[in-house]
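Thanks, everyone, for making time this morning. I would like to walk you through one model, and I will keep to a couple of regions.

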Amino acid sequence: AFQFLSDFFQFQCVFEGIAKAGNPTLLNQIYTELYITKGGTGEVNDEHEIRVIEETSRKPNRPETTIRQEDIFKVSSAGDQPIRTVMTKGVAGIGKTVLTQKFTLDWAEGIAHQNIQFIFPFTFRELNVLKKKKFSLVELLHHFFTETKEISSFEDFQVLFIFDGLDESRLPLDFQNKKILTDVTESTSVDVLLTNLIRGELLPSALLWITTRPAAAKQIPPECVGMVTEVRGFTDLQKEEYFRKRFKDEEQASSIISHMKASRTIHIMCHIPVFCWITATVLEDVLMSKETGELPNTLTEMYIHFLVVQTKVKKIKYDGGDVTDLHWSKDTRKMIESLGKLAFDQLQKGNLIFYESDLTECGINIRAASVYSGVFTQIFREERGLYQDTVFCFIHLSVQEFLAALHVHWTFINSGVNLMQEKQRYKGSFVSKKPKLSSLHQSAIDQALQSPNGHLDLFLRFLLGLSLQTNQRLLQGLLTQTGSHLQTNQETVQYIKEKINENLSEEKTINLLHCLKELKDDSLVEEIQQYLSSKTHSIDELSPAQWSALGFVLLSSGKDLDVFDMKKYSSSEKVLLRMLPLVKTNVVLVYLQLAKYWRNKHHSFMNCLVRYFSPCLLRLNSCNLLPRSCEALSPVLSCQSSSLRELDLSNNNLKNSGVEVLCDGLGSQNCKLEILSLSGCIISEEGCAFLASALSSNPSHLKELDLSYNHPGDSGVKMLSDLQKEPQSRLEVLRYEDTCFREEYSCQITIDTNTINRNLKLSEDNRKVSFVKELQPYPDHPDRFDDMPQLLSKTGLTGRCFWEVWWKGRVNISLSYRRIKRTGDIKDCGFGCNDQSWNLNCSEDGYTVWHKNKTIRISSSSSILDRVAVYVDCPAGILSFYKVSSDSLIHLHTFNTTFTEPLHAGFGFLWSDPGSSVFLCSSH
Ligand SMILES: Nc1ncnc2c1ncn2[C@@H]1O[C@H](COP(=O)(O)OP(=O)(O)OP(=O)(O)O)[C@@H](O)[C@H]1O
């Protein structure tokens, strides 16, 4: 194939911000594979780039497929046509440009894509400059790629056009315009050329690759796009690979990697290559200078360090200084000042690329701009379009957002002017007092919250971050005055918290939480932890802000969780489901790696959990999990990187069907689980057969299997114990009896006759209580239940206790604090109707549990006569009800709570059901 490359060198090298001043970096030396997904639609997201990163999971339940760079224009089978137009989306700095460069380089080197004969790489930046000119397609190609002058008919070749950076386009791409152009030699404006090329009217045989940030994708009608791919950045492994490639010295690389991993924020941010690059620059300097100060841990700190490093470099390279000198010389300050103003003014307008006119507006002449880009090579950059015009931009949008924030902060400190305030509102008003920093913050928060696309979100984080004294100290010499004292930040924190409680959208809330993090305020975090660990609250009482914070807490806890105790958060599946979206929005990368696993919310949550926190022990006992919950757990077991060794699923209604699904994971060679508890999960022979088959295909890990409180039957027991005898089996402990528990904690309940209601009759040595119509002649007593047919046991329970009762008709089997009211409203004295008592209602219709007047129905069959067991572990706050069936226990429900007073057993009846009774079984 005849190959052509306009400028081979251009593609061998990558611009890392050092193109002008230093040596260009060889692309192949730094290129690290990216995670790219395929599919999705032309559907467009309006969100601000940085936000989008954190919300990769907008469209749940859509399975994702990954695609390798090499396969983007690959034909699947001989004779097939490749997809004509591919659109690659991705947030700022995620590596779209680098990806197209790598593609082109591989082609030029003859490594890949040899079905293509010409690649014409364009950027919208360059095309913008031709806005007012007229070209035919052939002329345009000859103009940019002079080497092709000999060729006039491109129809005979397989041609690929790359159009990089649609977001930067200032061309009026009007797809409504019906002007059809099919002649490659007909002259017209560049935008008409492009729309016809994209619509496939012009040179239909050509391939097209358009890259864009997500918000700008909507400029192209979806029907013109054959495939959408999305660059998602680096996975955890790829992050490491990036640093290893960049730092050839292994020790240095390892040290930088471990620093990166130590900060959760940095680790998360690093899925965007440009942040990897900033992190590398900063950490390299921090580690080299051997200063023992803290490593940057917030975004603002990171960017401040970055600015300091760049200033140092400038000082050494251009001003002949050495590292120890003060870097903030007068002209450096002036430079940063001007760039800051430019950054802010243009950010407000949404401009990311600046032409001469934009610069002049901000008081920078083009010569100065050139100088800035020459010395601040990694901050500001000059780009010469192939065509005369010079454009400027910040090396990355986030750098612009940072400098914009610096400018606003600075202006306020130096002159008291609040740039975030709408000018007209305060026109003419006389400001006598020195304005407060918190008022600047408040107007910035208000403005950021109003922005429909979140264009000020990251800016706001930086602005608030800059007010910290520790951060100002880092900028000493640049900021001559400092403006903050504790009081102002507290006001800002307070303001943010109020806003959070206003029920904002999840994104806005989370950005505000990020702001709290930049302010290093973790009182909200504490509030949440406290709230949840008190465990007495019902989940419905959590405010939206608290839910959001919850996800955030999980992530910013900083440490890997060795043990994830679901009960610390709550015990219900409902919570699990509600936590999911929050965790999801925060844990970007985890989600990213897991996408292929998830089919429903459970999957994603469980996977997030396991992949991200990598717990070795997962306790999900008594979490009201259902058979379908196993669908989420099973892939966790079979996933190669899972470090899970112990899984406690006891007392959940998993049933045989759940076990079957779980066994898919358990039987996988990847599953390294050593201890599995399925105690009280309603498993019978059938379930044991699934377990046996899973363990015979993966026999070498599981050491302990707890099947107590199930119904394995003789054959189930035999299957598993036979398996245990196999030479390759590592199963040491196999538990299936349920007697030990019953014997060990069995206790005698004695009825307190002073509490018994007059409609209740005692018999059989005070072991049987029946509800009767005739009033019984009990004397008055302050402890007696006057208005409810109820009673309590005599001694308060402590420690662990177990008892069983036969019941008939319709009865309440309860536990209560002694102080429960004896007269008055059912709300105060009825078992289960308040926060002092817990109740299991048993009847022919089935079982329901009651607490605080909230009910949960339990799907377990019952008859008119049945046996129920109660197990309470007072210090642990566990209260479980079981149904007793042919001497084994079937778990009905477990309350996880904190008991603050001694408990008393209680029984109750309903007024409508005379003839009901309970009988206390004697203890063993
Ligand atoms: N695959 C990669 N391997 C190594 N470094 C990369 C890779 N991709 C990107 N980078 C680094 O990230 C920087 C930004 O990447 P790039 O310019 O491709 O982003 P982009 O997605 O085009 O962003 P924008 O929308 O801002 O133009 C690069 O200059 C480079 O330092």
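I will begin with the ligand and its surroundings, and then turn to one of the sheets.

Please keep in mind throughout that this is a predicted model. Around the ligand there are 19 residues, and those that come nearest are Thr32, Gly93, Lys96, Thr97 and Arg213. If we sort the residues of this shell by character, we find 12 nonpolar, 4 polar and 3 charged. As for polar contacts with the backbone, an oxygen atom of the ligand lies 3.0 Å from a polar backbone atom of Gly95, while for Lys96 the corresponding distance from a ligand oxygen to a polar backbone atom is 2.8 Å, and for Val98 it is 2.9 Å. The ligand taken alone would expose 630 Å², of which the protein buries 90%. Two elements give two or more residues to the shell, namely helix 4, spanning 96-108, and helix 11, spanning 273-288, and helix 4 gives the most, with 3 residues. At the level of domains, the shell draws at least three residues from domain 1 (5-233) and at least three from domain 2 (237-319).

Now to the sheet. Here 6 strands form an open, antiparallel sheet in the order 23-32-25-26-27-28, with strand 23 (790-792) and strand 28 (854-858) at the edges, each pairing on one side only. On average, and ignoring direction, neighbouring strands of this sheet are turned by 20 degrees against each other. Looking at one pairing in detail, strand 27, residues 846-851, is joined to strand 28 by 5 bridges in an antiparallel arrangement, and there Val849 stands opposite Ile856 of strand 28.

Terms used:
Residues are numbered from 1 along each chain as its sequence is written. This is a predicted model: local features need pLDDT of at least 70, side-chain atom pairs count only at pLDDT 80 or more; totals for chains, interfaces and linings use all residues. Side-chain values use heavy atoms; hydrogens and water are left out. Two strands pair if DSSP finds at least two bridges between them. Helices (H or I, at least four residues) and strands (E, at least two) are DSSP runs, numbered from the N terminus. Axes are lines fitted to C-alpha atoms, for helices over the stretch in contact, and angles run from 0 to 180 degrees between N-to-C directions. A residue is near a molecule or strand if one of its heavy atoms lies within 4 Å of it. A polar contact is a pair of N or O atoms within 3.5 Å; within protein, one must be able to donate a hydrogen and the other to accept it, and residues adjacent in sequence count only if both atoms are side-chain atoms. Accessible areas come from the Shrake-Rupley method with a 1.4 Å probe; for residues, only the protein chains shown count as cover. Ala, Val, Leu, Ile, Met, Phe, Trp, Tyr, Cys and Pro count as nonpolar, Asp, Glu, Lys and Arg as charged, and the others, Gly among them, as polar. Domain bounds come from an automatic or database domain assignment.
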